[in-house]
Amino acid sequence: MSDKPVNGTCNGDSDTATYNKCNGTQPRKDVRVWCDGCYDMVHFGHANSLRQAKALGDKVIVGIHTDEEITKHKGPPVFTEEERVKMVKGIKWVDEVVLGAPYVTTLEVLDQNNCDFCVHGDDITMTAEGLDTYHLVKSANRYKEVRRTAGVSTTDLVGRMLLLTRNHFRQGSAEYDIEKEGIHYLLHYLDSTAKSPWTGCSQFLPTTQKIIQFSDGKSPNPGDKIVYVAGAFDLFHVGHLDFLEKAHELGDYLIVGLHTDPVVNSYKGSNYPIMNLHERVLSVLACKFVNEVVIGAPYCVTEELLEHFKIDVVCHGSTPIAMENGKIDPYAVPKTRGIFTLLDSGNNMTTERIVERIISHRLEYERRNQAKEKKEIEAFEALQRQKLTQKAG
């Protein structure tokens with residue numbers, strides 16, 4: 001027999017809220033988590049922080065600093081406010097976005113957005129004056145910390161473009177060789193003269209667990225229309241986001257094929273890709289329009305690939321399609337089947353345009369990186385001295 005009241009509005013058909021009220025209990029309030037930052041050149045490190053924040057509550061509300069605030073405290077942002085807002089809204093763990101968040105997180109901003117606490121990574125963030133931007137919420141015990149994703153930061157990515165080296169990816173048999181970079185990363189913590197342990201260049205160490213955490217783990221349902229796109233998706237940006245949204249609208253389940261670093265380099269040249277395959281996988285998986293990623297997809301869309309994934313539609317953006325070996329159309333098979341379509345996302349942003357932005361403001365970004373690293377090194381060394389003092393005491 002049901003233990004629910006059966007009189008008046010408290011009958012067996014009452015909803016959960018009514019039932020709770022009749023029993024003298026209140027429905028559980030959603031735990032709202034506040035995260036804030038610049039979110040400039042949004043990458044999988046940002047996404048991973050928001051994923052961890054989501055695990056601490058029910059709703060993630062992201063506050064984004066204005067261009068003016070960022071310029072004042074750390075130098076000019078790479079992307080505009082509108083671009084940064086759009087990118088954060090595209091991350092699968094984000095529920096709401098608020099533009100105009102103060103650089104120093106206040107209790108007022110938490111209360112205004114009905115947030116229970118603030119979440120940030122375990123790196124140090126400071127104002128232009130060297131003040132911890134989270135000191136107010138920390139003092140009020142409304143601050144929680146998650147692990148920063150080692151091996152990537154906006155400063156690191158900007159540095160890669162400024163240096164224009166290929167050290168961020170390997171080719172051939174050395175593609176998965178990470179030993180030297182791994183040691184180099186550890187040296188940040190051992191050598192006080194090294195670059196900042198948070199923003200210095202290091203190698204992302206991929207694991208299957210990280211991929212599982214980013215994947216929604218859902219297979220297509222019977223009868224779902226499956227859409228396939230492929231490319232480099234390097235420095236995942238608003239152009240990619242708009243394209244994937246359009247592609248997602250063509251069906252029920254979107255699969256993205258990612259080409260390997262050597263393949264991308266063969267058709268892009270120079271130092272591309274800026275982000276290696278492992279980094280690009282997580283960046284794409286974090287997008288709310290993407291259901292599945294093929295890691296190391298073949299450049300030519302084959303009969304086998306179409307059959308294996310039961311693909312109904314293959315699409316490509318408005319960017320030029322490079323021929324394989326200079327003469328083979330990589331989309332010949334889906335074109336023959338009549339399932340190929342060109343999509344215009346309406347956004348002309350490209351990875352090359354981002355690099356151009358960085359290079360054209362090289363000196364500004366170099367000064368920004370140097371200043372940021374100097375402050376972080378000083379803060380890190382002070383923290384280490386504090387720990388040593390506590391141990392000695």
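Which ring does the charged end of K138 sit over? Select K138 and Y143 to find out: the lysine's charged end is over the ring of Y143, 5.0 Å from its centre. Keep in mind as you click around that this is a predicted model.

**Colour by confidence**

Before going further, switch to pLDDT colouring. The chain averages 82, with 77% of its residues at 70 or more. Now select residues 1-19, where the pLDDT is below 50 and the model has 15 contacts beyond near neighbours in sequence. Then try residues 175-202: pLDDT stays under 50 here too, and the model gives this stretch 55 contacts beyond four places in sequence. Where pLDDT is low, the predicted coordinates should not be read in detail.

**On to the sheet**

Show the cartoon and look for an open sheet of 5 strands, in the order 8-7-6-9-10, paired in parallel. Its edges are strand 8 (292-295) and strand 10 (340-342), each of which pairs on one side only. On average, neighbouring strands are turned by 25 degrees against each other, direction ignored.

Select strand 6, residues 226-231. Is this strand enclosed or open to the outside? Of its 6 residues, 6 are buried, so strand 6 is largely enclosed by the rest of the structure. In a regular strand the side chains alternate between the two faces of the sheet. Show the side chains and check each face: I226, Y228 and A230 are buried on one side, and V227, V229 and G231 are buried on the other.

Next, add strand 7, residues 253-258. Strand 6 pairs with strand 7 in the parallel sense over 6 bridges; to see one spot along the pairing, pick A230, which stands opposite G257. Carry on outwards from strand 7 to strand 8, where the two run parallel and 4 bridges join them. Here V256 has V293 as its bridge partner.

**Rings and charges**

A search of the whole structure turns up 4 aromatic pairs. One of them is W93 with F214, an edge-to-face pair at 5.3 Å centre to centre, with 80 degrees between the planes. W93 is in the loop between helix 4 (81-89) and strand 3 (96-99), while F214 belongs to helix 9 (residues 208-214), so the pair ties together parts that are 121 residues apart in sequence. Turn on a surface and look for the two residues: W93 counts as buried at 11% relative accessibility, and F214 is buried with a relative accessible area of 1%.

For a last stop, select K335 and F340. The charged end of K335 sits over the ring of F340, 5.2 Å from its centre.

Terms used. Residues numbered from 1 in each chain as written. Heavy atoms only, no water. Pairing = 2+ DSSP bridges. Axes fitted to C-alpha atoms, helices over the stretch in contact; angles between N-to-C directions. Phe/Tyr/Trp six-rings, centres within 6.5 Å; stacked < 30°, edge-to-face > 60°. Buried < 20%, exposed > 50% of the residue type's maximum accessible area, 1.4 Å probe, protein only. Lys NZ or Arg CZ within 6 Å of the ring centre and 35° of its normal. pLDDT = per-residue confidence, 0-100. Contact = heavy atoms within 4.5 Å.
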